[in-house]
Amino acid sequence: MKTRSLFFITLLAGCVLVSCNNKKKINRVGKRSGKTGIKYSEETFKPKSFKEQSPGPGLVIVPGGTFMMGGGEKDIEYSADNRTRQVTVQSFYIDEVEISNVDWKEFLAAQEGGQSRQQELYPDTAVWLRDLAFNDPYAESYFSHPSFNMYPVVGVNWHQANEYCKWRTEAVNEAILEKDEEAVLYPSYRLPTEAEWEYAARGLQESEVYAWEGKSLRNRKGQFRANFKRGRGDYAGWRGGDRRHMTDGYMITAPVMEFMPNDFGLYNM
């Protein structure tokens with residue numbers, strides 16, 4: 001998939017929160033202490049009441065489960081160093097779409113510390129440059145031009161991605177506190193683990209080649225289900241006729257919500 005593998009590091013749909021989705025009455029605090037029998041009161045001690053919290057902005061719940069992680073017999077090229085093993089993942093929240101250029105611009109604009117801080121967190125636009133390929137326009141315009149605002153940010157390293165997660169945690173919780181000073185805050189955003197990302201990317205299609213049922217790369221209308229490279233050097237797949245049926249339409253990455261989501265409701269995984 002071009003969108004997720006064209007560059008050595010892309011900030012993927014990557015910020016997650018551990019899910020606290022449990023409605024069982026057994027986990028609710030009563031009016032009295034279960035260990036002393038003393039009634040909770042404002043004068044002594046009264047635990048804060050809590051109802052199920054709505055997901056943070058842009059997040060989707062991924063119900064936990066067990067799956068076979070790693071390549072299988074269909075993944076011949078990587079079978080030697082990607083052996084399957086059974087892994088259990090607890091429920092968590094993950095971004096519905098990738099972090100876009102406009103999201104990253106918002107992050108940069110909020111930074112304190114002047115130009116040096118922004119330069120430290122600015123995406124590496126040199127990831128576009130390749131020998132014998134004229135990718136210079138992308139290096140110059142992909143992040144800066146507003147026409148690419150809704151495309152996924154690329155050229156972001158691990159340090160920058162973690163700084164984004166820290167900033168997003170503060171930004172989301174500050175917005176909550178503006179509405180209610182005693183509101184329960186969201187836990188820290190973070191990057192997904194390898195197991196979490198693979199589980200989310202598979203979208204419950206554990207034994208399938210792709211993140212949907214069947215071997216076809218197209219839907220019933222003949223349109224590509226993902227940003228797909230059909231063959232060596234064939235990034236656009238133009239063959240004449242109705243363009244929508246002959247190509248995915250994108251030479252490089254695609255807008256973050258362009259293609260069909262998987263069964264978890266996640267785009268471009």
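This report walks through the fold, the core, the aromatic pairs and the salt bridges of a predicted model.

## The overall layout

Let's start with the big picture. The chain has seven helices and five strands. Going along the sequence, they come in the order α-β-β-β-β-β-α-α-α-α-α-α.

Of the 269 residues, 39% count as buried. The accessible surface of the chain adds up to about 16900 Å², and carbon and sulfur atoms hold 52% of that. As for how the chain folds back on itself, take the contacts with a separation of 6 or more: 67% of them are between residues 24 or more positions apart.

## The nonpolar core

The largest nonpolar core has 15 residues, and those touching the most other members are Val62, Val89, Phe92, Tyr199 and Leu266. The elements that put two or more residues into this core are β2 (59–62), β3 (65–69), β4 (85–89), β5 (92–95) and α6. Which element gives the most to this core? That would be α6, with four residues.

Val89 is a handy place to look at who meets whom. Setting aside neighbours within four places in sequence, Val89 is in contact with Gly64, Gly65, Phe67, Ala195, Glu196 and Tyr199.

## Helix α6 up close

Helix α6 covers residues 194–202. It is mostly covered, with seven of its nine residues buried. The buried ones are Ala195, Glu196, Glu198, Tyr199, Ala200, Ala201 and Arg202. Right after α6 comes Gly203, which has a positive phi, near 60°.

Glu196 from this helix also has a charged partner: its side chain meets that of Arg190 in a salt bridge (2.9 Å, N to O). Are these two residues buried or partly exposed? Glu196 has 7% relative accessibility, so it counts as buried. Arg190 has 26%, so it counts as partly exposed.

## Aromatic pairs

Now for the rings. The model has 16 aromatic pairs. In one of them, the ring centres of Phe107 and Tyr164 are 5.4 Å apart with the planes at 85°, so this pair is edge-to-face. Phe107 belongs to helix α2 (residues 101–109) and Tyr164 to helix α5 (residues 158–179), so the pair ties together parts that are 57 residues apart in sequence. Both Phe107 and Tyr164 are buried.

Tyr199 turns up again here, paired with Phe264. Why is this pair called tilted? The ring centres of Tyr199 and Phe264 are 5.5 Å apart and the planes meet at 45°, so the pair is tilted. This pair also links distant parts of the chain: Tyr199 is in helix α6, while Phe264 is in the segment after α7 (243–246), 65 residues away. Both Tyr199 and Phe264 are buried.

## A ring cluster and a charge over a ring

Some rings gather in a group. Trp128, Tyr138, Tyr142, Phe148, Tyr151, Tyr250 and Phe259 form one aromatic cluster.

Phe143 has a charge for company: the charged end of Lys105 sits over the ring of Phe143, 5.7 Å from the ring centre.

## Salt bridges

There are seven salt bridges in the model. One of them joins the side chains of Asp95 and Arg168 (2.8 Å, N to O). It links distant parts of the chain, with Asp95 in strand β5 and Arg168 in helix α5, 73 residues apart. Both Asp95 and Arg168 are buried. Strand β5 is also among the elements that feed the nonpolar core.

Helix α5 takes part in another salt bridge, this time through Glu163, whose side chain meets that of Arg117 (2.8 Å, N to O). Glu163 in helix α5 and Arg117 in helix α3 (residues 114–121) are 46 residues apart, so this is another link between distant parts of the chain. Glu163 has a relative accessible area of 16% and is buried. Arg117, at 18% relative accessibility, counts as buried too. Which residues are linked with these two in a network of salt bridges? The network takes in Arg117, Glu120, Glu163 and Lys166.

Terms used. Residues numbered from 1 in each chain as written. Predicted model: local features only at pLDDT ≥ 70, side-chain atom pairs only at ≥ 80, totals over all residues. Heavy atoms only, no water. Phe/Tyr/Trp six-rings, centres within 6.5 Å; stacked < 30°, edge-to-face > 60°. Buried < 20%, exposed > 50% of the residue type's maximum accessible area, 1.4 Å probe, protein only. Lys NZ or Arg CZ within 6 Å of the ring centre and 35° of its normal. Contact = heavy atoms within 4.5 Å. Areas by Shrake-Rupley, 256 points an atom, 1.4 Å probe, with all protein chains shown as cover. Core = buried A, V, L, I, M, F, W, Y, C linked by side-chain atoms within 4.5 Å. Salt bridge = Lys/Arg side-chain N within 4 Å of Asp/Glu carboxyl O.
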